[in-house]
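Colleague: I am new to this structure and would like a close look at a single part of it. Please start with one loop, then work outward to whatever helps me place it.

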Amino acid sequence: MADTNTTNGKSVSSNSQGYIFLYIFIAILIIAALIFLLKSSFFDKRSVDARILKDEMYLNEDLVFTDNTRSAKKWLWEFGNGAKLTTQNGSYRYTKSGSYIIRLTVDGELKEQFPVTVRDTVIAALDTMVTISGPTSGVVNEEVRVEAEGKGNQFEWSFGETNRVDVKGRTALYTFHTPGKFMVKLTTDRSHRPIYHTIFITDPNAELDTDMVVPGEGEQKVIDDIRARLQAIANGADFNSNYYYLIRRYMCNNEKVTVAVDQDGVKKSSDFYSYCMGLTFGGEIVVDEAQLTISPNSTCATLVNIKQHSANTVKK
C-alpha cells in the first residue's frame, strides 16, 4: 500500500512526488545536452581552409597546393592515382593525363575534395594541328620571335609577363623585361585548347652587378637580402624577378632546395619553389628571418631555414 501525505486535508501520494523530481532531473539533462551540442556545432567546429592553384593544367605543369586550416597538425593529400603527400604545402606533377579527385584529410578527420583535369600537351598539339616554332631561351631586353605553324586565321599570344594578350597575328615579336621561366600561350580560332611553348629568359648583366651578395661575404647582409626578396613575393611584387634572383645567387639554379619553415610555432618543410608559390596565395605573411646552410667547399645552399608569422598574429 503506497504511502500518503496530507496537504490541506487532501492526501498526496509520495510516489507522485518522486516522479515529478525524476521528470525535472531528466529535463535538466536534456537541456544540458542540447546546450553542449549547440556549442559544439556553432562554436568549436573547424572547417578545411585549403586551395589548389589551378584545377586544369598540362602534364608539364606543377599542381601547387596549400592548407591554412586553423590549428591543423597533420595532413594527407591523395592525388587520385595512388600518390600521397603528408606536407601542409607543396607541389605534385602528374605523369598521365585525365580527370582526378584530390582528397585532403586534416588531422585524420576533416576532409575536402578538389577535382582537377590534366591535359596531354602532345595530344593537344596534334588535335589543333597548330604548333609553335621559336627559341627556347633568350635574354632580357632583346626581342624574341615565335611563329604559329598550321591552319588558322586568328592568333593571340600571351607571353606570361603581363597576364593578358600581348600580340595578335601568326608571327609574334616580344621583348621580355624580367628573367625567368615563361609559358608562352597561343590561342587560335582553330584550336580546341591553347598551345604552349616554354622559354627561359636570363639576364647576363646580373652576373656583373657589383653589389652582388655572395654567401660568406657577410652573414647578416645575406640574411637581410633573402628576407627582403621573400617578403617582396609575399607582398605581391613581381614573382619571377625576385624568385629567380634568389635561385641564381644562392642556390645554383636548384629549385628543389629544402626549406624548413617555422610559422607561428608550427614547423613544416617543402622545396623552395613550392614555398615561394605558397607565399603568393598563402595569406598575409611576415618573413622574420631567413638563413642558408651552404654545402662544403661551395657557395650553393642546401637548406633554407625561415621564421615567419601571419600578419594578424602577434610575433612572439
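**A loop and its surroundings**

Modeller: Start at D264, which sits in the loop between β19 (258–263) and β20 (266–271). The model is a predicted one. The phi of D264 is near 55 degrees, a positive value in a residue other than glycine. Most residues other than glycine have a negative phi. D264 counts as partly exposed because its relative accessibility is 34%, and the band for that term lies between 20% and 50%.

A second loop bears comparison. D107 is placed in the loop between β9 (98–106) and β10. Its phi is positive too, about 55 degrees, and D107 is not a glycine. With a relative accessibility of 23%, D107 counts as partly exposed.

Now follow the chain into β10. Strand β10 covers residues 110–119 and holds R119. The side chain of R119 meets that of E56 in a salt bridge, at 3.2 Å from N to O. This pair links distant parts of the chain: E56 belongs to strand β4 (residues 56–58), and the two residues are 63 residues apart. E56 counts as partly exposed, at 40% relative accessibility. R119 counts as partly exposed as well, at 27%.

The search of the whole structure finds 5 salt bridges. Another of them joins the side chains of E61 and K54, at 2.7 Å from N to O. What is the burial state of each partner here? E61 is buried, with a relative accessible area of 16%. The term buried applies because that value is under 20%. K54 counts as partly exposed, at 34% relative accessibility. One more salt bridge brings together the side chains of E147 and R145, at 3.7 Å from N to O. E147 has 28% relative accessibility and counts as partly exposed.

Next, a sheet. It is an open sheet of 5 strands, in the order β12-β18-β17-β14-β15, and its pairing is mixed. β12 (137–139) and β15 (167–168) stand at the edges. Each has a single partner strand, so one side of each is left without a neighbour in the sheet. Strands of a sheet pair through backbone hydrogen bonds, either parallel or antiparallel. At the β15 edge, strand β14 (residues 155–158) and β15 run antiparallel, joined by 2 bridges. W157 has V167 of β15 as its bridge partner.

Then the helices. Two packed helices are described by the angle between their axes and the distance between the axes. Take helix α3 (residues 219–234) and helix α5 (residues 272–281): their axes come within 7 Å and cross at roughly 50 degrees. The two helices are therefore oblique to each other. On the α3 side, the contact is made by L230, I233 and A234. On the α5 side, F272, Y275, C276, L279 and T280 take part. These contact residues divide into 7 nonpolar, 1 polar and no charged. Helix α5 starts at F272, and strand β20, which borders the loop of D264, ends at residue 271.

Last, the whole protein. There are 5 helices and 22 strands. Of its 316 residues, 36% count as buried. Among contacts with a separation of 6 or more, 53% come from residues 24 or more positions apart. The link between E56 and R119 gives one example of a salt bridge joining distant parts of the chain.

Technical notes. Residues numbered from 1 in each chain as written. Predicted model: local features only at pLDDT ≥ 70, side-chain atom pairs only at ≥ 80, totals over all residues. Heavy atoms only, no water. Salt bridge = Lys/Arg side-chain N within 4 Å of Asp/Glu carboxyl O. Buried < 20%, exposed > 50% of the residue type's maximum accessible area, 1.4 Å probe, protein only. Helix = DSSP H or I, 4+ residues; strand = E, 2+ residues; numbered from the N terminus. Axes fitted to C-alpha atoms, helices over the stretch in contact; angles between N-to-C directions. Parallel < 35°, antiparallel > 145°, perpendicular 65-115°, else oblique. Contact = heavy atoms within 4.5 Å. Nonpolar A, V, L, I, M, F, W, Y, C, P; charged D, E, K, R; others polar. Pairing = 2+ DSSP bridges.
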